[in-house]
Amino acid sequence: MFTLAEVASLNDIQPTYRILKPWWDVFMDYLAVVMLMVAIFAGTMQLTKDQVVCLPVLQSTVNSKAQPGASGKADFTTVETTTGQGEASSVRTVSFGSAPTVTPDVPLSRATSSQYQPTESGQELKKEQKDSSGRKTNLDFQQYVFINQMCYHLALPWYSKYFPYLVLIHTIILIVSSNFWFKYPKTCSKIEHFVSILGKCFESPWTTKALSETACEDSEENKQRLTGAQSLPKYVSTSSDEGSPSASTPMITKSGFKFSADKPMIEVPSVTILDKKDGEQAKALFEKVRKFRAHVEDSDLIYKLYVGQTVIKTVKFIFILCYTANFVNTISFEHICNPKVEHLIGYTQFECTHNMAYMLKKLLISYISLICVYGFICLYTLFWLFRIPLKEYSFEKVREESSFSDIPDVKNDFAFLLHMVDQYDQLYSKRFGVFLSEVSENKLREISLNHEWTFEKLRQHVSRNAQDKQELHLFMLSGVPDAVFDLTDLDVLKLELIPEAKIPAKISQMTNLQELHLCHCPAKVEQTAFSFLRDHLRCLHVKFMDVAEIPAWVYLLKNLRELYLIGNLNSENNKMIGLESLRELRHLKILHVKSNLTKIPPNITDVAPHLTKLVIHNDGTKLVVLNSLKKMTNVAELELQNCELERIPHAIFSLSNLQELDLKSNSIRTIEEIISFQHLKRLTCLKLWHNKIVNIPSSITHIKNLESLYLSNNKLESLPAAVFSLQKLRCLDVSYNSIALIPAEIGLLQNLQHFHITGNKVDILPKQLFKCVKLRTLSLGQNCITSIPDKVSQLLQLTHLELKGNCLDRLPATLEQCQLLRKSGLVVEDHLFDALPSEVKELLNQDTSIPFANGI
């Protein structure tokens, strides 16, 4: 037999799961324990006291049934006769009513021959008793025990014998059904995770302390708005309202967190900052809740399993109630037994009494009562399950009562678990909802961020850039620390990978700020901050993945001078660019676009008359439509890099003010159109490097004012004499081609200061090269040069000489006459330098500071 402790283990669940057990589950658990006690009590009594006692029914009574009172009046006479030795016999005469019977008591050796020896008269019996002698065997008692055992199995109904075991089995099934969703692996893991997160969220300091801070800050902000916000140095724009953002422009309104006006304000404690450990734990909880929600909201397995086990319990209740009602009357005190052992006993029918019938019937009635209560609770549970949509959960009340109005509604198993928690205590779901709010998460990040990034720490990260400006670069933070805006002397602010960047009104303190970088950082600005940026910001860099990430307020910065857009601007998104016109950028001078354009966006033409520099860096996408360039009459610098251009675009020839043209990294093979550059009187710099140009046409002579010509990384095999007719040429770069000869005409370039011919096939240097006495940079590396003429000493202004990668065996000693040349500017193999005379090496090793030595 099972003990209560052994069976109770089936109902054992983790104590923390109690928050998911509503009152009906708890009540049914207690009912199941009571039913277990009924089963164990009934089973124990059956094992110790359960039996039937049977007496034979007289044949005459059975036949005639004329003496109804005879069965109640028994004239019981017993005569015992004892004989000695092996012949001894004992005869017991038993008389029921008027029909006497004799039950002989004989030794085992004679019991098989005759079981009953009827006597003719009492005198003969007494005589035989006196004559016989033997041992008493109590065979009549054994016969009654035999009959009792047979009738226990034949006459007693099966329900009376197995009732305790049925109760035990049914109770175990009900217990298992009640807690199966806590045991099933696919639901147990989710429930365990949910309970763990729920407990941590309930006990998290952020749930109480940080909410108090939110309430305090809200009251402070309301107070500041009512008093005009005198505590902050508010920037007042001197410009007109023109260019102000429209209602559709995403801005941060300083409304703070809203409280209902008809609700009394609760006095909150003083603001305290969460320590770092509590903040990190709270941030981890936000991440856990987010992942758990994504994992659980996709399915409704827990809900279906709970409904299924409730239906099973209800069906079980109906089944138990139906069959128990049929067998309740079979438990009776009296039973008739026909064991069919007349040849042994002499009687065919016995009347038996079941001594446990009374107690079993009482226990059965109690059990039926418990089952009925259990069943009604199951029916109520089903009614609750289908009365409202439990696969949807709304935090509407929480949103109304708290300051976090963005708590989302949840669905499926997540919603069902929260409904179950509400049956335990609604406070759990209210506190849990805080960790579903993005406003709450952002507030936590802001508090933790400001606690970590203090003014002193930010000051340590300020550096000087190449333009000698104070620069601060913030990378992958949860937001922009408030202390940043206390760095009033900052010139450049770089925000990279900060998805929740917000620029408050305090930025108006940064009067030196003129350059802002937003790298994958769709920053939001307050109205006052926008007014300040609109009037003060001069340079803006925006790097994005999609054009929609560009903040709308960017297009309204009317005093912006330089705009750098780096991201995806393909043809599908060009329409989106057009929606946010650049027309308001009236002072924009430099526009830098690094993308994958197939045509120049039409909205660029809105600012075309103002642009002085346009840079388009494609990622290899062919730029087809260039007609918009004709409208950019004031453009002085134009760069079209990596645009897969095969020829010089004709639209460029209309840019009369063009001074510098850069067509780097295209697929240009021929430049016959270069003759049209004669109309560009101001063109001084032409960069055709990293293309596939084979030769230079003689028409290049028409570009009279050309000062810089870059033709490196092409397929040139020679330099035509026409190049050397450009008298104003100061920089010539033909590196990494296949040029084998430097023409003698190079001596005509008297203004040449920088000559680069690295990576070619030159083997001899013409003497005329050293007539270019203004040369300051001479790059001759990676060629086939065998000697350097002594006339190199004529290059008195030479500061950089590259000779590495040639076939030289020595360097001319006349290098000492190049007074501005130093070892740092001499690029040669070490053994060549070591072979120089000591006085030359000593001169080259001198470290004299010459103001113009490094100028190029």
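This briefing walks through some helix contacts, two nonpolar cores and a handful of single residues in the structure above. Keep in mind that the model is predicted. Helix H6 is a good place to start: its axis comes within 9 Å of the axis of helix H10, and helix H2 also has an axis within 9 Å of H6. After that come the cores, where Phe677 and Phe755 touch the most other members of the largest one.

**Helix H6 and helix H10**

- Two packed helices are described by the angle between their axes and the distance between the axes.
- H6 covers residues 158-183 and H10 covers residues 301-327, and their axes cross at roughly 165°.
- Angles over 145 degrees count as roughly antiparallel, so H6 and H10 are roughly antiparallel to each other.
- The way H6 passes H10 is a left-handed crossing.
- On the H6 side, the residues that meet H10 include Trp158, Leu166, His170, Phe180 and Trp181.
- On the H10 side, the partners include Ile302, Tyr306, Lys313, Phe319 and Phe327.
- Sort the residues of this H6 and H10 contact by class and you get 15 nonpolar, five polar and two charged.

**Helix H2 and helix H6**

- H2 takes in residues 23-49, and its axis crosses that of H6 at roughly 155°.
- That crossing angle makes H2 roughly antiparallel to H6.
- H2 and H6 have a left-handed crossing.
- The contact of H2 with H6 has 14 nonpolar, six polar and two charged residues.

**A buried serine in H6**

- Is Ser160, which sits in helix H6, buried or exposed?
- Ser160 has a relative accessible area of 0%, and under 20% counts as buried, so Ser160 is buried.
- Leaving out residues up to four places away in sequence, Ser160 touches Gln46, Thr330, Ile331, His354 and Leu360.

**The nonpolar cores**

- The largest nonpolar core has 133 residues, and Phe677 and Phe755 touch the most other members.
- Helix H18 (residues 527-536) gives the most to this core, with four residues.
- Phe755 is in touch with Leu732, Val734, Ile742, Ile746, Leu769, Leu775, Thr777, Leu778 and Ser779, if you skip residues up to four places away in sequence.
- Apart from the largest core lies another one, of 81 residues, and its members include Trp181, Tyr303, Tyr393 and Ile407.
- Trp181 is also one of the H6 residues that meet H10.

**Two residues with a positive phi**

- Most residues other than glycine have a negative phi.
- His690 isn't a glycine, yet its phi is positive, at about 60°.
- You'll find His690 in the loop between strand S20 (685-687) and strand S21 (708-710).
- His690 is partly exposed, with a relative accessible area of 31%.
- Tyr736 isn't a glycine either, and it has a positive phi of about 55°.
- Tyr736 lies in the loop between strand S22 (731-733) and strand S23 (754-756).
- Tyr736 is partly exposed, at a relative accessible area of 39%.

**Val827 and its contacts**

- Val827 belongs to strand S26 (residues 826-827).
- With a relative accessible area of 28%, Val827 is partly exposed.
- How many residues apart in sequence are Val827 and Leu803?
- They are 24 residues apart in sequence, and 5.9 Å apart in space from C-alpha to C-alpha.
- Setting aside neighbours within four places in sequence, Val827 is in contact with His800, Leu801, Glu802, Leu803 and Lys804.

Conventions. Residues are numbered from 1 along each chain as its sequence is written. This is a predicted model: local features need pLDDT of at least 70, side-chain atom pairs count only at pLDDT 80 or more; totals for chains, interfaces and linings use all residues. Side-chain values use heavy atoms; hydrogens and water are left out. Axes are lines fitted to C-alpha atoms, for helices over the stretch in contact, and angles run from 0 to 180 degrees between N-to-C directions. Helices (H or I, at least four residues) and strands (E, at least two) are DSSP runs, numbered from the N terminus. Angles under 35 degrees count as roughly parallel, over 145 as roughly antiparallel, 65 to 115 as roughly perpendicular and the rest as oblique. A crossing is left-handed if the near helix is turned anticlockwise from the far one by less than a right angle, and right-handed if clockwise. Contact means heavy atoms within 4.5 Å. Ala, Val, Leu, Ile, Met, Phe, Trp, Tyr, Cys and Pro count as nonpolar, Asp, Glu, Lys and Arg as charged, and the others, Gly among them, as polar. A nonpolar core is a set of buried Ala, Val, Leu, Ile, Met, Phe, Trp, Tyr and Cys residues joined through side-chain atoms within 4.5 Å. Buried means under 20% relative accessible area, exposed over 50%, partly exposed in between (1.4 Å probe, protein chains only).
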